[in-house]
Amino acid sequence: SDCVVFEDSRSGVRAGIAAGVPVVGIRTAMDDEQLRELGCAMSLADWHALDDALLSRWLSGEGWMSLFY
């Protein structure tokens, strides 16, 4: 099954990566470069970047990466 972590803290990013789950960083406290250095697969400006249409695509079975392509 698909799983993804959305996180904005260093400890949360590290925990997601340690669990073997792809992490999408939310740029509230760190910028894209910092989040990627921690190991995030990608980052979003804020939670508003996840709109209903994107979430519907993900939940329809297209996988979490479909959120961003």
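**Cysteines**

I looked up C40 in this predicted model. C40 has a relative accessible area of 6%. That is under the 20% cut-off, so C40 counts as buried. I then checked C3. C3 comes out at 43% relative accessibility. That value falls between 20% and 50%, so C3 is partly exposed. Next I searched for disulfides. The whole structure has zero. I noted for reference that a disulfide would be a covalent bond between the sulfur atoms of two cysteines.

**Cores**

Which residues join C40 in the largest nonpolar core? I list V5, V13, V21, V23, M30, L35 and L38 beside C40, eight residues in all. I picked V13 from this set and pulled its contacts, leaving out residues up to four places away in sequence. V13 touches V23, L35, L38 and C40, and E7 as well. V23, L35, L38 and C40 are also on the list for the largest core. Another core lies apart from the largest one. This other core has seven residues, including F6, I26, M42 and L50.

**S43**

I moved on to S43. Where does S43 lie? I find S43 in strand β3, which covers residues 42-44. Is S43 buried or exposed? Its relative accessibility is 12%, so S43 counts as buried. I then asked what the side chain of S43 meets. One polar contact runs to the side chain of R27, at 2.6 Å. Another polar contact, at 2.5 Å, joins the side chain of S43 to that of D32. I also pulled the contacts of S43, again skipping residues up to four places away in sequence. S43 touches V24, G25, R27, D32, L35 and R36. R27 and D32, the polar partners of S43, are both on this list. L35 is there too, and L35 belongs to the largest nonpolar core.

**Whole chain**

I closed with the chain as a whole. I count three helices and three strands. Along the sequence they follow the pattern β-α-β-α-β-α. How many residues does the chain have, and what share is buried? The chain has 69 residues, and 38% of them are buried. I looked at contacts between residues at least 6 apart in sequence. Of these, 24% join residues at least 24 apart. Last, I took the surface. The chain exposes about 4100 Å². Carbon and sulfur atoms supply 52% of that area.

Definitions and conventions: Residues are numbered from 1 along each chain as its sequence is written. This is a predicted model: local features need pLDDT of at least 70, side-chain atom pairs count only at pLDDT 80 or more; totals for chains, interfaces and linings use all residues. Side-chain values use heavy atoms; hydrogens and water are left out. A nonpolar core is a set of buried Ala, Val, Leu, Ile, Met, Phe, Trp, Tyr and Cys residues joined through side-chain atoms within 4.5 Å. Buried means under 20% relative accessible area, exposed over 50%, partly exposed in between (1.4 Å probe, protein chains only). Contact means heavy atoms within 4.5 Å. Helices (H or I, at least four residues) and strands (E, at least two) are DSSP runs, numbered from the N terminus. A polar contact is a pair of N or O atoms within 3.5 Å; within protein, one must be able to donate a hydrogen and the other to accept it, and residues adjacent in sequence count only if both atoms are side-chain atoms. Accessible areas come from the Shrake-Rupley method with a 1.4 Å probe; for residues, only the protein chains shown count as cover. A disulfide is a pair of cysteine sulfur atoms within 2.5 Å.
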